[in-house]
2 protein chains.
Amino acid sequence: MKNKAITSRNEDFAQWYTDVVKAAKLAEYSNTKGCMVLEPNGYAIWEKIQSVLDKMFKQTGHQNVYMPLLIPENLLKKEGELIEGFAPECAWVTIGGSGHLEEKMAVRPTSETLFSDYYALKVKSYRDLPKLYNQWCNVMRWEKETRPFLRTREFLWQEGHTVHETQKEAEEETLQMLKVYEKFFKEYLAIPAITGKKTEKEKFAGAEYTYTVESLMYNGVALQSGTSHYFGQKFSKAYDIKFLNRNNEWEYAYQTSWGVTTRMIGALIMVHSDENGLVLPPKIAPRQVAIVPIGTDEQVINLCKDYSKKLNENDITAFVDLSEKSPGFKFAEHEVNGIPVRIEIGKRDLDNGQITIARRDTREKINLSKDCDIVENVRKLMIDIQDNLYNNALKRREELTYKTDDLEEVKQIMNTKPGFIHAHWCGDEECELKMKEIRGTKSRCILEEELKETDKCVVCGRKAKHMVVWGIQY
Amino acid sequence: MKNKAITSRNEDFAQWYTDVVKAAKLAEYSNTKGCMVLEPNGYAIWEKIQSVLDKMFKQTGHQNVYMPLLIPENLLKKEGELIEGFAPECAWVTIGGSGHLEEKMAVRPTSETLFSDYYALKVKSYRDLPKLYNQWCNVMRWEKETRPFLRTREFLWQEGHTVHETQKEAEEETLQMLKVYEKFFKEYLAIPAITGKKTEKEKFAGAEYTYTVESLMYNGVALQSGTSHYFGQKFSKAYDIKFLNRNNEWEYAYQTSWGVTTRMIGALIMVHSDENGLVLPPKIAPRQVAIVPIGTDEQVINLCKDYSKKLNENDITAFVDLSEKSPGFKFAEHEVNGIPVRIEIGKRDLDNGQITIARRDTREKINLSKDCDIVENVRKLMIDIQDNLYNNALKRREELTYKTDDLEEVKQIMNTKPGFIHAHWCGDEECELKMKEIRGTKSRCILEEELKETDKCVVCGRKAKHMVVWGIQY
């Protein structure tokens, strides 16, 4: 039995994605073009993501702050590469109250400029360092083509911005935050992301270098899912962040930034979901267990409530669905919403001492004794679901990962069953541009791999400089 | 001993306020005119406020969502009174990417329009009702004069927007959320707010009526600190939110909205703080206990850590200050930052079996045995501090609350020792405008009080219609 509101994933992946977003009530288009409404089911996933990541940030010594939404044009222009990268996609405020502004202001596309401006004011001595700040906020980039979660003119994110005394400390921070993201993807989102440095062409405007977290969607398309940048002294020189170092000399500070966005919800959908709607890893599901009474028998209802109480007392988010819908309707609804575990309790089963547990990932049903330790059983099942989703995603990624230095083979793969291609590269941007002609294939990241003398660039055949992972970009 | 960086509260209240904000590192001016940077100490208070209120909202059945930042002009214009109220203070985006927009868009000053537009799409039957949504976000109003927390062009807030089947249910919601705010002010912020309806002149643009939460600052000035609006069918008619009711007839839905902002942090400062900096009620303080070792003795440090561990395990947020500063410097720093409880441990005291606890509110020091139940002692002390702050604020409010129907007396009070004045009013806007001539005195709210036949309007002397609380407005 398949959910009729949802297009088959294999027939039309793009439509399937849109159908899942709609059927699971995650987001809705709005009359503000290119922007979406995050509905309760979608926003609750973001809240869960926030609560987990925020704890990880605080455990690594970071503090939250809030910077202004608007950036005066002059301030944005100070770092040349940044404005070059972002100017074409800024939204500009030109009228404030009843008058035209003397200087237009950008709605922040990112906040390096405001953090740097603030740090210039506050950092005077090595004793003021490091500053390890993060903010959760909305940003805006004037995209032409938009899709819910994946690319919208406004999106929600966190942006960490840190400033350090030494290059070493800043580089360690950049790498540390990459590892935090990687861990979060693996342990919470159940996504086996790959990580590495971006090429010069693909790095962030204004960074010395950029680390990226790349995930592979079910259809073999790659999604840039998080980044961590090392800025060196680029911004500190542009914004004059100078401090007296331990030798009592003035020195420009060293900076980093790192961020992830609501796009991760898009990744969650495209990695785990199926023809019946959303599938969520239990550790990121806002509601983990739906308990559905079949019929209105008092004993049944009481057992439902009893289970719910026990589960919630043990930090498992459960609820009893007492709405006036048929059990079948409820089953379908909780399924399309991606609730990892469903408990069904009916009078007849109960008389036989039984209850039924359905898991969302495999859709299997298991019978258990009504007197079982419900907390332990659900806990174990959730661990199993979490592992199973990760393993399936890993298997899929491995299935769609290819190693070749033959350009014809690259074309054939990308045109039939795309995925991550590991292929050598000479380091020349020309060759990256030639790869792009193949269905927009781009370098995703550079792998830290030792090369052999004989390794050749997949495009030009010259001596290879790097092993690169390539993919079709969302 | 007084903190020298802070102006005396009685000498120059405005400067004292600015000094406290700066000395406690709550917020900093930014190069985006009229907007502030919320620094870690300030933002942490907002996070605490959010976590408490969000739980209260969820317990009363509300769900969080997120609506777009920008509102197309046409959409904003649909409800006439709203646009009239907000148009003069909107910031407008007119350029997106490389082109001028066909229709300019407002940075949201509030989101009635977007919620209503969304509800029009989603609400078709009484079965779709109620929808009880809230969002935490930034909003923008192009103010001319700004002050940190009290009035800034951008601020953070929550805005609840609900839609109901009946007038009764919507009115109950409006009142319920007023009570939630009142409880939050009393139990967490330790502020004895007064509540009631706004007059027609002072109500929210587009509302049928507005309830308000009004607090009195230490200097006798009133601060509107939260509002809860009943919209009736005004927005549902403008935005076409129609549903099939239980009689199978089309009916316009009934709406509410309610919000509080970062301005509450301004209220916290102006109600509780003193000449030594910030004073925070323990229940809203991000860090509740600072433990300061005097000297570097290992036994001392170990006891500090042991206390910290025990307190944190019992949900009291404590930290040991091991920074390389003198104890005196640390004491002053934790004091100016408003940390409610400080524990001081020195070698000599310890040899005598003693430790010292200092409370921020009264600055008293208490000696305790080193073997005391530290958790119980701190817990009791925090309850005592919380109560004491509330009682002091209540006492101050009562001291500055006057009852008179003599206009000359009103003038005299407002020009010497202002506060809340309870005075009768005929209901005529003319009389409100005359009151405003007295140092900007405005009606704060209408009290639900039975009137006598002989009660007369404080301004015109005609028959009174309401008992009103008046105050000078921030």
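1. Which residues in helix 9 of chain A meet helix 12 of chain A? In this predicted model, A:Tyr307, A:Lys310 and A:Leu311 are the helix 9 residues that do so, and on the side of helix 12 they meet A:Ile374, A:Val375 and A:Val378. The residues of this contact divide into five nonpolar, no polar and one charged.

2. As to the geometry of that pair, the axes of helix 9 (residues 298-313) and helix 12 (residues 374-399) of chain A come within 9 Å and cross at roughly 65°, and the crossing by which helix 9 of chain A passes helix 12 of chain A is right-handed.

3. Turning to the two chains, a turn of 180° with a shift of 0.0 Å along the axis lays chain A on chain B with an RMSD of 0.0 Å, which is the relation of a two-fold axis. In chain A, the C-alpha nearest this axis belongs to A:Val93, at 2.1 Å from it.

4. Because 100% of the interface residues of chain A are also interface residues in chain B, the copies meet through the same surface.

5. Both chains contribute to an open sheet of six strands, whose order is 4(A)-6(A)-5(A)-5(B)-6(B)-4(B) and whose pairing is antiparallel. Strand 4 (70-72) of chain A and strand 4 (70-72) of chain B stand at the edges, each with a single partner strand, so one side of each is left without a neighbour in the sheet. From one strand to the next, the twist averages 45°.

6. Within chain B, strand 5 (residues 91-96) and strand 6 (residues 99-107) pair in the antiparallel sense over four bridges, and B:Ile95 has B:His100 in strand 6 of chain B as its bridge partner.

Notes. Residues are numbered from 1 along each chain as its sequence is written. Chains are lettered from A and ligands numbered from 1 in the order in which they are written. This is a predicted model: local features need pLDDT of at least 70, side-chain atom pairs count only at pLDDT 80 or more; totals for chains, interfaces and linings use all residues. Side-chain values use heavy atoms; hydrogens and water are left out. Axes are lines fitted to C-alpha atoms, for helices over the stretch in contact, and angles run from 0 to 180 degrees between N-to-C directions. Helices (H or I, at least four residues) and strands (E, at least two) are DSSP runs, numbered from the N terminus. A crossing is left-handed if the near helix is turned anticlockwise from the far one by less than a right angle, and right-handed if clockwise. Contact means heavy atoms within 4.5 Å. Ala, Val, Leu, Ile, Met, Phe, Trp, Tyr, Cys and Pro count as nonpolar, Asp, Glu, Lys and Arg as charged, and the others, Gly among them, as polar. Copies are superposed by least squares on the C-alpha atoms of residues with pLDDT of at least 70 in both. Two strands pair if DSSP finds at least two bridges between them.
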